[in-house]
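Subject: Model handover and findings

Hello,

Please find the structure below, followed by notes on what was found in it. The notes cover strands, cavities, cysteines and salt bridges.

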Amino acid sequence: MSAAVETMDMHNDVQYNGNGERNGVIRALLTDLYQITMAYAYWRSGKMNSVATFDLYFRKNPFSGEFTIFAGLEECMKFLENFHFTSCDIEYLKSVLPSSTEPEFFDYLANLTTNDVTVHAIEEGTIVFPKVPLLIVEGPLAIVQLMETPLLNLVNYASLVATNAMRFRLAAGPNKQLLEFGLRRAQGPDGGLSASRYCYLGGFDGTSNVLAGKMFGIPVRGTHAHAFVTSFATLSDIKDRTLKQKDGSRVVDFIDVCSKWCSKLAPVLGFLTDQVNEGELAAFVTYAQAFPNGLVALIDTYDVIRTGLPNFCIVAMALHELGYRAIGIRLDSGDLSYLSTTVRQTFKLVADTFNVPFFEKLMIVASNDINEETIHSLNQQGHEIDSFGIGTHLVTCQKQPALGCVFKLVDIDGKPRIKLSEDVEKVTLPGKKIAYRLYGNKGNALVDLIKKPEEQPPHVNERTLCRHPFQESKRAYVMPAKVEKLHKVFWDHGKLVQPLPSLSEMRMKAMESLKTIRQDHKRTLNPTPYKVSVSSNLYTFIHELWLESAPIGELS
């Protein structure tokens, strides 16, 4: 296959199918060059088939918080299913590696598979914490090393943006609708699609991203832009004045019905009929004709109180007369607390005056460059917003642009490995491990406990010693009411061995997992750190290997 054809195939493969599967860009060649050069050095030294174990984990929770949502596992499994170097990949690597590279290495690359790789992982959607491995990848050293960059790429952003979404959910509360509006501000098409997918996993209710809706089954939502309003100047811009009554019994002049309601509402709401913007009214009329059961009007193009709100009420009451119901309004600027409260008061006034109870409950949507702090501030001020449309601060994770997952070698051929650092946070936990979550009597998670695989798991109602990995004095006994093993085998002998849940099921998993974490771990200001501990045996092992591996200085 020619390079040109291969390039075309790659661009075509970027598309997703109806099940959200992806390939093409997520491929073996999506890696850093040093992974290839290390693989060559491993191969040349005969070390490529040494059995290595790598842990993928992060060192610190994002956004100054104390929890993270694990996301991206499904994509990692699909990457493993499709892991191979194409003939075109091999030709390209021949062009970038030194001419002294032995030709047999390229034959080796061409025949690589994941048949000898095993992956233990935590379930996607689970609340996770620093130092606990999200993925434990075991297999031939060169192959697993080649997977480092793509696996980190698939987990880092997915977990970061899902966590960001969940923080917005916590700020807004369980009953507010959250909509992701970030496609236009996302980092490219793939960033936009990933954001829509993982924001939904993190607790959002829908997206404006139509392609994401098709591919992942996410509810899609949207209204209209300011351009739609400003494209109309007068009611004469409307070519068809009619709208069929909902029961189909007759077709009426909808503009005449709106004019009637303008006269009725003016004295009630206190607006001047000659001061409302006629072009805005024409835009609302036109949109209502197109979507009589789905009118959500953007009312801040000119002036919310003097023209936008009156024009919406006119059209909404005209729709009601014909048997339809408007949905609500959207605010995209201004003092959202004051404006939403004023809008709600107006809706109540119309409801009471004309005996239309539903009008009081019409939806108020806000979408003014909202971040997490904005929602907390609105909660303190008081507001009447039912739904938040959130874009830039959500999908770009402006508060923290990266999670910082790492992929560290912890064992090779049964010999544990440790990476030391003057920064204790960067010292690795050596050897193969398995993690458990211990719960208290009230169902709250108390601690994550990491043990060596050969150790007995913690038992319910039996006292277990939990130690800080590095600080000798920090230790505590825990008598768990429930013990959950966090790691499961997901990939073994070239096959997926666990069923992958749907996106909706992962979303539910995330919401349920969050409920098990105490409120003080989830609060915005000074959250309490969640404890991640090691067993007494693992603690001793870590420190013995640390002393064995660290060079001894000499004073002179």
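How many bridges join E16 to strand E17, and do the two run parallel or antiparallel? There are 6 bridges between E16 and E17 (residues 445–451), and the strands run antiparallel. Before the rest, the ground rules. This is a predicted model, in which local features need pLDDT of at least 70 and side-chain atom pairs count only at pLDDT 80 or more, while totals for chains, interfaces and linings use all residues. Residues are numbered from 1 along each chain as its sequence is written, and side-chain values use heavy atoms, with hydrogens and water left out.

Strand E16 and its partners

Helices (H or I, at least four residues) and strands (E, at least two) are DSSP runs numbered from the N terminus, and two strands pair if DSSP finds at least two bridges between them. In the pairing of E16 with E17, Ala435 stands opposite Ile450. The hairpin of these two strands has 5 residues between them, and Gly443 takes a positive phi near 85° there. E16 is also joined to strand E20 (residues 482–485) by 4 bridges, again antiparallel, with Arg437 opposite Glu484.

Strand E16 spans residues 434–439, and 6 of its 6 residues are buried (buried means under 20% relative accessible area, exposed over 50%, partly exposed in between, with a 1.4 Å probe and protein chains only). In a regular strand the side chains alternate between the two faces of the sheet. In E16, Ile434, Tyr436 and Leu438 point one way, and Ala435, Arg437 and Tyr439 point the other way.

The parallel sheet

An open sheet is formed by 6 strands in the order E7-E6-E13-E12-E11-E10, with parallel pairing. E7 (206–207) and E10 (296–298) are the edge strands; each has a single partner strand, so one side of each is left without a neighbour in the sheet. E10 pairs with E11 (residues 328–331) in the parallel sense over 3 bridges, and Leu298 stands opposite Arg330 in E11.

Cavities

The search was run on a 1 Å grid over the protein atoms alone, where a cavity is a set of points at which a 1.4 Å probe fits but cannot get out, and lining residues have an atom within 4 Å of a point. Grid points are joined across faces, edges and corners, and a volume is the space filled by probe spheres set on the points. Over the whole structure, 2 cavities of 30 Å³ or more were found. The largest has a volume of about 40 Å³. Its lining consists of Asp55, Tyr57, Lys131, Val427, Thr428, Leu429 and Lys433. These divide into 3 nonpolar, 1 polar and 3 charged residues (Ala, Val, Leu, Ile, Met, Phe, Trp, Tyr, Cys and Pro count as nonpolar, Asp, Glu, Lys and Arg as charged, and the others, Gly among them, as polar).

Cysteines

The structure holds 0 disulfides (a disulfide is a pair of cysteine sulfur atoms within 2.5 Å). For Cys258, the nearest cysteine sulfur is that of Cys262, 9.2 Å away. For Cys397, the nearest is that of Cys199, 7.3 Å away. Cys258 is buried at 2% relative accessible area, and Cys397 is buried at 1%.

Salt bridges

There are 28 salt bridges in the structure (a side-chain nitrogen of Lys or Arg within 4 Å of a carboxyl oxygen of Asp or Glu). Three pairs and one network are listed here.

- Arg167 and Glu372 meet at 3.1 Å, N to O. Arg167 lies in helix H6 (residues 141–172) and Glu372 in helix H14 (residues 372–381), so the pair ties together parts that are 205 residues apart in sequence. Arg167 is buried at 5%, and Glu372 is buried at 3%.
- Asp253 and Arg241 meet at 2.9 Å, N to O. Asp253 is in strand E9 (residues 251–253) and Arg241 in the loop between helix H9 (226–230) and strand E8 (242–244), 12 residues apart. Asp253 is partly exposed at 25%, as is Arg241 at 34%.
- Glu373 and Lys399 meet at 3.0 Å, N to O. Glu373 is in helix H14 and Lys399 in the loop between helix H15 (392–395) and strand E14 (406–412), 26 residues apart. Glu373 is partly exposed at 40%, and Lys399 at 42%.
- Glu74, Glu75, Lys78 and Arg197 are linked in a network of salt bridges.

Regards

Notes
1 Å grid on protein atoms, 1.4 Å probe; cavity = no way out; pocket = protein on both sides within 12 Å on 5 of 7 lines; lining within 4 Å.
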